[in-house]
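Student: I'd like to learn how to read a structure like this one. Can we go through a few features together?
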Amino acid sequence: MKEVKSPRKPLLYYYCIVLLIIFLFNILVTPLLSQNQVVEVDYGTFMDMIDQQDIGVVQIEDTQILFTNKEETQAYKTGPMEDPTLAERLHDAGAQFGRIIEEPTSSLLGWFLTIILPILIFIGLGQYMSRKLMNQAGGKNALSFGMGRSNAKVYVPSTQGIRFSDVAGEDEAKESLQEIVDYLHNPQKYTEAGASMPKGILLVGPPGTGKTMLAKAVAGEANVPFFSISGSEFVEMFVGMGASKVRDLFKQAKEKAPCIVFIDEIDAIGQKRSTGGYGGGNDEREQTLNQLLTEMDGFEGNTRVIILAATNRPESLDPALTRPGRFDRRVPVELSDLQGREAILKGHAKKIKTAEDVDFHTIARMAAGASGAELANIINEAALRAVRGGRTIVNEADLEESIEVVIAGYQKKNAVLSDQEKRVVAYHEIGHALVAALQSHSAPVQKITIIPRTSGALGYTMQVETGDKYLMTKEEIENKIATFTGGRAAEEVAFGQITTGASNDIEQATKLARAMITRYGMSEEFDMVAMETVQNQYLGGDSSLTCSADTQKEIDQKVVELVKTQHEKARKLLEDNRAKLDELASFLYEKETITGEEFMEILKGGAQQ
Ligand code: ADP
Ligand code: ZN
């Protein structure tokens, strides 16, 4: 086994620097701060204040949100939450984005901050570097100063009683984690059989699919303490801290065994190590990773400390981490299917009051591709919308609107589209819908709208598959490309002019056409040869080319050809159905939002076709 040296750093210097900073802070900054105390409030209060338009200035940071009341007489702070539409709502409530705590430029403080402090830090760093170069051996362990303590949050099972039943869907993942729970309950069964549990289990899957929840549920089911820390928390400002945090974490865990240690975003420390060279790698991260590996090797299989880790970039992990004896079991936590989505929606809907006629099956269908976290957000947005409407019961319309909010952003109330622009957008959207409807194997149109959204979309056509789809035929993909080009085609047919409105369509169509050739083997020329490999399958899926420059050129030509053919097909379809196009477009122009049924009614009624 590889010997891993434990990092010895002259931590005395960190200590001095920190002491100095604390000293300065105490003397100078604290009294200033206490003059305008920042009051900590909960997120709910913050939301209420937004709703009452009682926010003056707001400053959003990674770890907290600072804000003042309208009169700016009182400053508040609250913890951040996953809330993608926050900025938008703040803006709507008339809040100013800016800095809250303007340190009064007391000349003395300014002097210290701008002159003395940098000098001190400079001296400190210089000392540290020279020490490091001299390879000085006599550093003190960080722990003796109370630094480098792991800030893993410990959850006592009774207070955080998440159970498997709280995690909807994800049956396969639950099944393989059930074994761990069983082991923690009666380990002797396993030791008698000579079986040893995996020390580490890697939960892999896209963000928001419930990996953290599952880890907590394992602890909850086994009724053991749960330590949770994020990989990024190990990588700190001071060199050597990460490794000592790992050491401390494992020390705590062993004391509390049996227990679960959960390391979120393990890729933050577990990335492939660089292979030598100057300044290439991140020394700190490698030391932390090495420490983690040593710790995992260090404890025996029967310590009853189970390490769960989560990542959405499994391919970037260092192979040493996934070797037998470390994270040797991998549990995929994938996006839920239709049934799973329905279950998740229903689970979260228990927290709110819903009208009796709400059809979660349809909502789940509309939210194809949404993660558990997004579904939870959809429910919450719907509840917020109900409150805005002065209701306490959430109805179907709230949920549908909130899906659109999550997909496309809020309705932009005061966007001013000229009459002509509105007409173009109406034709554009009907173009998509009509091309889709006129081809076989296209997902039915659910809704078409030309109300601009804050995301920048001037309108959109929502198509919803009737069930989950796992396979697509070549024809279906081609039809989809044609549908994407339908918007632009309608503009051409109706106005003989084109606009910038199709930029997103162009992107999507190109992506699909490219994938057909490089990844799905759907072209004559290249047959079943992979021209691209997908790298980050859980995060958008960047792909990298695996072919020569010449071939790339050919691929590009082929992509153009493919899109062109479909574009022409779409234009032809619309020309042949010009009367319908006009009729539908003026209907949409009048109504601004029409349902799939209304659309089909007009399409079916009448002469052509
Ligand atoms: P991850 O760790 O995979 O990024 P989390 O476990 O943090 O995702 O999930 C975030 C939130 O999304 C959870 O707190 C929960 O509200 C919701 N959620 C995600 N997946 C599920 C699920 N399968 N069932 C119920 N809720 C879920
Ligand atoms: Zn479009």
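Student: Which protein donors does the zinc ion (ligand 2) have, and how far from it do they lie?

Tutor: Keep in mind that this is a predicted model. The donors of the zinc ion (ligand 2) are NE2 of H428, NE2 of H432 and two OD atoms of D505, lying 2.0 to 2.7 Å from the ion.

Student: How are the donor residues of the zinc ion (ligand 2) spaced in sequence?

Tutor: The pattern is H-x3-H-x72-D. H428 and H432 both sit in helix α16 (residues 419-438), and because they are four residues apart, about one helical turn separates them.

Student: What arrangement do the four donor atoms make around the zinc ion (ligand 2)?

Tutor: An irregular one, because the angles they subtend run from 53 to 147°.

Student: Okay, now helices. What describes two packed helices?

Tutor: You give the angle between their axes and the distance between the axes. Take helix α18 (residues 503-518) and helix α19 (residues 549-576): the angle is about 125° and the axes are 9 Å apart. So α18 is oblique to α19. The contact includes A513 and I517 of α18, along with L562 and V563 of α19. By class, that contact has eight nonpolar, two polar and three charged residues.

Student: At roughly what angle do the axes of helix α14 (residues 372-388) and helix α15 (residues 396-408) cross?

Tutor: Roughly 120°, and these axes come within 8 Å. Therefore α14 is oblique to α15. Among the residues making the contact are I378 and A382 of α14 and L399 and I403 of α15. Here the classes are nine nonpolar, two polar and four charged residues.

Student: And which handedness does the crossing of α14 past α15 have?

Tutor: Right-handed. α18 passes α19 in a right-handed crossing too.

Key: Residues numbered from 1 in each chain as written. Chains lettered and ligands numbered in written order. Predicted model: local features only at pLDDT ≥ 70, side-chain atom pairs only at ≥ 80, totals over all residues. Heavy atoms only, no water. Axes fitted to C-alpha atoms, helices over the stretch in contact; angles between N-to-C directions. Helix = DSSP H or I, 4+ residues; strand = E, 2+ residues; numbered from the N terminus. Parallel < 35°, antiparallel > 145°, perpendicular 65-115°, else oblique. Left-handed = near helix turned anticlockwise from the far one by under 90°. Contact = heavy atoms within 4.5 Å. Nonpolar A, V, L, I, M, F, W, Y, C, P; charged D, E, K, R; others polar. Donors = N, O, S within 2.8 Å, 3.2 Å for Na, K, Ca; no water. Tetrahedral: all angles 85-135°; square planar, octahedral: opposite > 155°, others 65-115°.
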